[in-house]
Amino acid sequence: MVLLNVGSLFLGIIALAFPIINIVKRDRYGVRRKRLSTFLSFVSCLGSIYFQFLANYYLVKIEDISALMDIMGSSVVISGLLIFATIVLNFITLKLDDN
C-alpha cells in the first residue's frame, strides 16, 4: 500500500517535471525530444492515477471503508489537479514549440 502511494507521488512529480524542463530549456532540445517528453509526461500522469486506483482497490479489498472514505475526496481533487496541470503545461510546451 505504501509503495503504491510513493509510486503515485513519484510519477506525478515526473508528469509535471517533464513539461517544466521543456519550458525552461526550450532552445536546447529538438522537436522530436520535446514530443517524446510530452508523451512520457502523459504516461506518467496516467500511471500515477492508476496507482491511486490500485491503492483504493486495496482498501476496498481489505474492507477498510473508513480509510477509503477519508482519502477519497482528497484523492479525487489531487488527481484532477494533476490532470489539469499536466494538460496545461504540455499545451504550453507544444505552443512554445510552434513559435
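**Figure 1. Leu36 and its nonpolar neighbours on helix 2.** Leu36 sits in helix 2 of this predicted model. Its relative accessible area is 48%, so Leu36 counts as partly exposed, falling short of the over 50% needed for exposed. Leu36 doesn't sit at the surface alone: together with Phe39, Leu40 and Val43 it makes up a nonpolar surface patch. Between them, these four side chains offer about 350 Å² of accessible area. If you're wondering about the spacing of such residues, remember that an α-helix has 3.6 residues a turn, so residues three or four places apart point the same way.

**Figure 2. Helix 2 from end to end.** Here's the helix that carries Leu36. Helix 2 covers residues 31–61, and its 31 residues should span 45 Å at 1.5 Å a residue. The C-alpha atoms at its two ends are indeed 45 Å apart, so the span agrees with what's expected.

**Figure 3. Glu63, in the loop after helix 2.** Follow the chain just past helix 2 and you come to Glu63, with a positive phi of about 60°. Glu63 isn't a glycine, yet its phi is positive. This residue belongs to the loop that links helix 2 and helix 3. Is Glu63 buried or exposed? Its relative accessibility is 66%, so Glu63 counts as exposed, the cut-off being over 50%.

**Figure 4. Helix 1 and the residues it tucks away.** Helix 1 runs through residues 2–24. It has 23 residues and reaches 33 Å from first C-alpha to last, close to the 33 Å expected. Which residues of helix 1 are buried? They are Gly7, Ser8, Gly12, Ala15, Pro19 and Asn22. What do they pack against? The buried residues of helix 1 pack against both helix 2 and helix 3, the latter covering residues 65–98.

**Figure 5. Ile21, a partly exposed residue of helix 1.** Ile21 is also part of helix 1, but it isn't among the buried ones: with a relative accessible area of 42%, Ile21 is partly exposed. Look across to Lys34, which is 13 residues away from Ile21 in sequence. In space, the C-alpha atoms of Ile21 and Lys34 are 9.7 Å apart.

**Figure 6. Leu89 and its contacts.** Leu89 lies in helix 3. Setting aside neighbours within four places in sequence, which residues does Leu89 touch? It is in contact with Leu16, Pro19, Ile20 and Ile23. Pro19 has already turned up as one of the buried residues of helix 1. Now compare Ile49: its C-alpha atom is 17 Å from that of Leu89, and the two residues are 40 apart along the chain.

**Figure 7. Stepping back to the whole chain.** The protein has three helices and zero strands, running α-α-α from the N terminus on. Its C-alpha trace spans about 50 × 20 × 15 Å along the principal axes. The radius of gyration is 16 Å, where a compact globule of 99 residues would have one near 13 Å. Buried residues account for 28% of the 99. As for contacts between residues at least 6 apart in sequence, 76% of them join residues at least 24 apart. The protein exposes about 6800 Å², and carbon and sulfur atoms supply 72% of that.

Key
Residues are numbered from 1 along each chain as its sequence is written. This is a predicted model: local features need pLDDT of at least 70, side-chain atom pairs count only at pLDDT 80 or more; totals for chains, interfaces and linings use all residues. Side-chain values use heavy atoms; hydrogens and water are left out. Helices (H or I, at least four residues) and strands (E, at least two) are DSSP runs, numbered from the N terminus. Buried means under 20% relative accessible area, exposed over 50%, partly exposed in between (1.4 Å probe, protein chains only). The expected span of a helix is 1.5 Å times one less than its number of residues. Contact means heavy atoms within 4.5 Å. Patches are made of residues with over 30% relative accessible area and no salt bridge: like charges are joined within 9 Å, nonpolar side chains (Val, Leu, Ile, Met, Phe, Trp, Tyr) within 5 Å. Accessible areas come from the Shrake-Rupley method with a 1.4 Å probe; for residues, only the protein chains shown count as cover. The radius of gyration is taken over C-alpha atoms; the globule rule is 2.2 Å times the number of residues to the power 0.38.
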